[in-house]
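Visitor: I would like a close look at a single part of this protein, namely the aromatic rings and the side chains in the strands around them. Could you take me through that part with care?

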Amino acid sequence: MTGIDRREYIRTAMSAKVKVVHPELGEFMFSTRDISDGGVFIIVDAEPFEPNIGDTVSVQVQGLPVPAPVLEMVIVRRTNDGLGLQFELRDA
């Protein structure tokens with residue numbers, strides 16, 4: 001980590017459709033911009049999706065030959081064009 005970039009993981013550009021389910025706001029479809037070992041960035045354009053930082057959402061990649069696992073993620077960052085989601089760590 002150098003300068004003001006506090007990212008712990010290297011990001012890889014990746015465009016995929018994901019279903020995001022918020023317990024109070026409902027179900028939405030978004031595209032990803034990038035992914036890392038720590039999380040994913042989703043692009044939120046004109047969609048009325050205004051969760052709070054710290055909210056937990058369920059995320060599932062769409063369009064695969066078999067259903068992808070549903071992952072719990074935490075909203076950790078908001079920008080003008082989207083949200084940064086962090087994988088929720090679970091005790092093994």
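Guide: What follows begins with the confidence of the model, goes on to the aromatic rings, and then turns to three other side chains in the strands.

This is a predicted model, and the mean pLDDT of the protein chain is 90, with 89% of its residues reaching 70 or more. Among the elements of the chain, strand E5 (residues 56-61) has the highest mean pLDDT, at 98, whereas strand E1 (residues 12-13) has the lowest, at 90.

The structure holds three aromatic pairs. One of them joins Phe-28 to Phe-49 in a tilted arrangement, with 4.6 Å from centre to centre and 55° between the planes. This pair links distant parts of the chain, since Phe-28 belongs to strand E3 (residues 26-35) while Phe-49 is found in the loop between strand E4 (39-43) and E5, 21 residues apart. Phe-28 and Phe-49 are both buried.

Phe-49 also pairs with Phe-30, and this arrangement too is tilted, with the ring centres 5.3 Å apart and an angle of 45° between the planes. Because Phe-30 lies in strand E3 and Phe-49 in the loop between E4 and E5, the pair ties together parts that are 19 residues apart in sequence. Phe-30 is buried, as is Phe-49. Taken together, the ring pairs link Phe-28, Phe-30 and Phe-49 into a cluster.

A further ring, that of Phe-41, has the charged end of Arg-33 sitting over it, 3.8 Å from the ring centre. Phe-41 is also one of the residues that Asp-34 touches, and Asp-34 itself is placed in strand E3. With a relative accessible area of 9%, Asp-34 counts as buried, because that value is under the 20% cut-off. Leaving out residues up to four places away in sequence, Asp-34 touches Arg-11, Thr-12, Ala-13, Met-14, Val-40 and Phe-41.

The last side chain to consider is that of Gln-60, which lies in strand E5. Gln-60 is buried as well, at a relative accessible area of 13%. A polar atom of the Gln-60 side chain lies 2.6 Å from the backbone oxygen of Ala-68. Ala-68 appears again among the contacts of Gln-60, which, apart from neighbours within four places in sequence, are Lys-17, Val-18, Lys-19, Pro-67, Ala-68, Pro-69 and Val-70.

Conventions: Residues numbered from 1 in each chain as written. Predicted model: local features only at pLDDT ≥ 70, side-chain atom pairs only at ≥ 80, totals over all residues. Heavy atoms only, no water. pLDDT = per-residue confidence, 0-100. Helix = DSSP H or I, 4+ residues; strand = E, 2+ residues; numbered from the N terminus. Buried < 20%, exposed > 50% of the residue type's maximum accessible area, 1.4 Å probe, protein only. Polar contact = N/O pair within 3.5 Å; in protein donor to acceptor, adjacent residues only side chain to side chain. Contact = heavy atoms within 4.5 Å. Phe/Tyr/Trp six-rings, centres within 6.5 Å; stacked < 30°, edge-to-face > 60°. Lys NZ or Arg CZ within 6 Å of the ring centre and 35° of its normal.
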